Structures are given as C-alpha cells and as structure tokens.
Amino acid sequence: MSQLLWSTPETLRALLCEVVSWDSITLTEGETTFAPKVLDKLRELKYFQEHPSHLQLHDAGLGRHAVIALYKHPKAVETVVLISHFDTVQTEEYGVLEPLAYFPEELTKKLMENPSDLPETARVDLETGKYLFGRGTMDMKMGLALHMQLIEKASVEEWPINLVLTTVPDEEVNSAGMRAAVTQLVRLREEFGLTYKLFLNSEPSFSQNPSDIAEYIYSGTIGKIMPAALFYGKETHVGEPMKGMTANYIASYLTQQMEWNSLFRETDLGESTPLPVSLQQKDLKLSYSTQTPYRAISLFNVFLFKRTASEVMALFEQVATKAMNTLNTDYQKICEREEVKGVGEVKVLRYEQLLAYANQKLGKKEVERLKQEVLVQEEWDDREKSLRIVDNLMIQCQELAPATVILFAPPYYPAVNTSNDPLIVEAVELMKKSGQSFNNKIDQIHYFNGICDLSYVNYEDTGNGWTAFENNTPVWGDTYSIPFEDMAQLKGPVLNVGPFGKDAHQRTERLHVDSAFIEMPVMLETLLKSLY
Ligand SMILES: [Zn+2]
C-alpha cells in the first residue's frame, strides 16, 4: 500500500500541518483561498484525475466556496457524507507567537523553550510530547485531513460504498458554507442516485472539564437560536425625565426575565441545555448627549434540543409579555407618586406584526426601501442589520411606542439527534469497542455541545415550526436564509467521531497525536467498513 499518499501516521501528520498552514480565519482572505487549495490537493489522487467532475467548488458567498468531492463506487448506492469545516477562529491571543500559530511543528517546538509560559495543564501536556499545538489543529483541520485520508483509501482499495467529502467555510460565524452545501448534497443525490446512509462529522472530542481525558462520540448536536428585541421608548431631556421613558429602562426588565430563565431549559436522554444568557444589550444612541436614549436592543442565546423556532418564539413572547406587564405596573406606581400621566403602557409585538402594520401604513414599496437602507450597510453584520431594520421601521411607526419588538437574529442552528437510530446504536458500540483496543474509554454524548454543521441535515419538523423564524428574522431572504426544505430531504442518521484535543479557540489549542494519527484512522475505517 506504499502508493497511498496519506496512509501512515507520518504522512497524515504532514498533511495536517499543510492544511493548517493555509490560514483560513473566518471572513479573511485565507478563507476564500483555502477551498481551491484543497481541490488541488485532492487532484493529486489518481481517482480524481480520472474523475475530475467529481471534484466541485460551490459558491458560499463573499468569495468563499464549499468543496464537495465524490468517490463513487460503480455499483454502490449507499453513501456516507463526510462533513468538516475549514475556517478557524482568530489568532490574536498567541501574542508574539502569532506568526507560528499555523505551523504546528514549529509552534510546539517553540513552546518547549519556555513551557512555564503556559497554563499548568497545557504545560504538562506539552511536556509529554503527545500534543501538537496550533490554530485549527483540533478545531477542525484534523477532521478534514482524516476525511482526505479516508477518501484516498476508499478510492484506491475500491470500497463498495460511496463517500462525499464536504468541507465548508464559515462554520465559526454563520455557517454560510454548510447552508450552501446542503442544496448541493440534495442535487448530488439526485444526479448520482445516491442514498445517504450516514452524515459523519469529525469535529474534535471536547473534554467536559479541564481534567477530563475521556473521549466522546456524539450522536446528535445541540441547537441554538437567538431571540432579540428592539426597545422603543420615548425621548426626553434629562431635566424632564418623567416626560419620556428610556429604552434602557425597558430593556432591563426583559434582561432580568430572560437570563437563566429555566423555561428555556430542555432535557432529553439525560442531558440538559445550558440556560439562556444575554449576549448584547446596548442603546442605539450614537454619541453622548443630554437627550435620553429611547432606542435600545438586546440579544439572547437560547440552546435547543427539541423545540422549533415557533415554540421558542411563543415562549419568548410569553416572557417578554410578563416582563412588560411588570414594568407597566411599576411604572404606573411611579407615575402616581410623581402625579403625572406617563407615556403609556409598553406593548409587546412580534417583528411580523410590526411589518404588517408598516406595510399597511407606508406601503410595501416604502417598507422595502427602508429595509434596503439598512441592508446596503456593509459594515453591519446580520445581527446588527436585523435590529436596525426594526429600528428603521419603528421610527416611521412611532405611534406604536413605547414598545418592545421581538424578533430572531441569525444564525439559527436546529438541534439534531439520532441516538435511537439502529445504525447509530450499532456504530456507537463498535466505536466503543474499537477505542478499547487502544485502551481508550469512549463515552457517548447525545448532543454535541460545541455547535456544528450537522444542524443542517436531517431536519425534522412536521409542524412547519421554521415559519416563525422566516417571519420574524428581518434579514430573512436578503442576507440570510436556511434551506429548511432541502435539509428535511437530507434524511439520515448523524454521528460525530473526531480526534481528541483540548482548548479549542484558545492559544493552547492542541491535538492529541496518538488519537489523531494512530487511533482515529483505524476507528473511522472500521466504522465505514461496518456499513457495507
Ligand atoms: Zn469546529
């Protein structure tokens, strides 16, 4: 088997270091040049020289591309989709070592010179010689390297099962890459008559606490959605505070009710979602003045197991209504004490209600113009744009104020879980056994807690629960969309099996070399061979 390019621990390690050296921080130039480099690398394989059309780049926006590489056995229908992302988070935290962040061998050597610069646990790991440090080693270029190794081996040995290597940009920010790939995977299935038997991601195994060295495989992934609100009060001068109502005052009531609210906790298969927290709360006043801030925004993080967007919106509305009822009661008392009439009760309305009202009042054309004013602002991301659209509409509909307008801001990651699928039950047992042969204890987690692109396959939602997302996400269809219907077509169990590593997104990001270069290749090959 000496003709294989990436089959030994040494050649696989060199492949990893090469793909790590192609820096690809989300939303940088490197992210746009990475995909063609993967394509060139895969062209070194004889199979793709003979089947050039099986290597494809697909537009993922902003000059970025998803890579799809199909190994098709002439007789096989059953297909495994191998999913990875190639973007990484930034590298500022490396400080003076930043130039080495993409050169794992050099970085690891350099760290050896001053091991005491590292936190204790990282230092201990470094000195074992069993870890390779560097940005993207663990999260998750090792996963991509393993998939490249698999597709090489399968094509040379002619495994009777098809593989679709899918590697995408933008996982760390908006998952534009995977959302674009989904539609292509549906098309590819039709074109080649494939059956998707398994969606296999190879995100790393995350330790559950700093001293945890257990390895995990994941039979699902947690979901995440971001309820947001725009608070529209009434402006006044600081000398006449009772003539207005600040948006900050309104916002504080919702924040109090949302943070750590156990209504949003979901429990399934013995696991629970972390509680919601606030990600942002700010007023929209551009500079200091003695006019009071009358517009503010809040953004919350909510994790999901089973709930749809519609269910979360209903809960969020309930919480916002309760918060505003409390506010209205408190405010009424203050008005009585100060003997003033006040500015009225704060209403709660969904973005879709505001939009319907604005369309009626201003006409669709004008509403579209107001949206476009915001959408063309390139310096704003999708979250900022979402909230600014609401703001722009509210300015034209001030008779609705004081009000709390509730909405969703992108991105949205639906939860997926296939723990009970018979194929997964068997695969988990097989992986545990395979791990044992390396003296590793492998545990199953039902929901990968790191957010990953498996969210965009095997979408199940019989009640059209996504419509609340479409209707309440102001940038929907303009700068953000999710192919829910295509996702629902990508039926099939999901599994995440990846190498062991630690401290993703930190300067001490590191990959366990035995897990990555010795154990994972055997485990993944065992898994794929069990499927045919
Ligand atoms: Zn990742």
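**Cavity, pocket and zinc site in a predicted model**

Strand 7 makes the greatest contribution to the lining of the largest cavity, supplying three residues. The structure is a predicted model. One cavity of 30 Å³ or more is present. The space in the largest cavity is about 30 Å³. Its lining consists of E215, Y216, I217, I442, V497, G498, M520 and M523. Two elements, strand 7 (215–218) and helix 16, each give at least two residues to this lining. By class, the lining of the largest cavity comprises six nonpolar residues, one polar and one charged.

Helix 16 spans residues 513–529 and also contains E525. E525 counts as buried because its relative accessibility is 16%, and the cut-off for buried is under 20%. Outside its neighbours within four places in sequence, E525 contacts L150, K153 and W159. A154 lies 371 residues from E525 along the chain, yet the C-alpha atoms of E525 and A154 are 9.1 Å apart.

The largest pocket was considered next. Its volume is about 490 Å³. The lining of the largest pocket is made up of 25 residues. Nearest the centre of the pocket are L62, R64, N174, D382 and T479. Helix 7 (176–192) and helix 12 (382–396) are the elements that give two or more residues to this lining. Eleven residues of the pocket lining are charged, nine are nonpolar and five are polar.

The model also contains a zinc ion, with protein donors from H85, D139 and E203. H85 donates through NE2 and D139 through OD, while E203 is listed with two OE donors. The donors lie 1.9 to 2.8 Å from the zinc ion. Angles among the four donor atoms run from 51 to 147 degrees, and the site is irregular. A tetrahedral assignment is excluded because four donors would need all angles between 85 and 135 degrees. In sequence, the donor residues follow the spacing H-x53-D-x63-E. The pair H85 and D139 links distant parts of the chain, 54 residues apart. H85 belongs to strand 3 (residues 78–85), and D139 to helix 6 (residues 137–157). Both H85 and D139 are buried.

Notes:
Residues are numbered from 1 along each chain as its sequence is written. This is a predicted model: local features need pLDDT of at least 70, side-chain atom pairs count only at pLDDT 80 or more; totals for chains, interfaces and linings use all residues. Side-chain values use heavy atoms; hydrogens and water are left out. Donors are N, O and S atoms within 2.8 Å of the metal (3.2 Å for Na, K and Ca); water is not among the atoms, so sites may look incomplete. Four donors count as tetrahedral if all angles lie between 85 and 135 degrees; four count as square planar and six as octahedral if opposite donors are over 155 degrees apart and all others between 65 and 115; anything else is irregular. Helices (H or I, at least four residues) and strands (E, at least two) are DSSP runs, numbered from the N terminus. Buried means under 20% relative accessible area, exposed over 50%, partly exposed in between (1.4 Å probe, protein chains only). On a 1 Å grid over the protein atoms alone, a cavity is a set of points where a 1.4 Å probe fits but cannot get out, and a pocket is an open set with protein on both sides within 12 Å along at least five of seven lines; lining residues have an atom within 4 Å of a point. Grid points are joined across faces, edges and corners, and a volume is the space filled by probe spheres set on the points. Ala, Val, Leu, Ile, Met, Phe, Trp, Tyr, Cys and Pro count as nonpolar, Asp, Glu, Lys and Arg as charged, and the others, Gly among them, as polar. Contact means heavy atoms within 4.5 Å.
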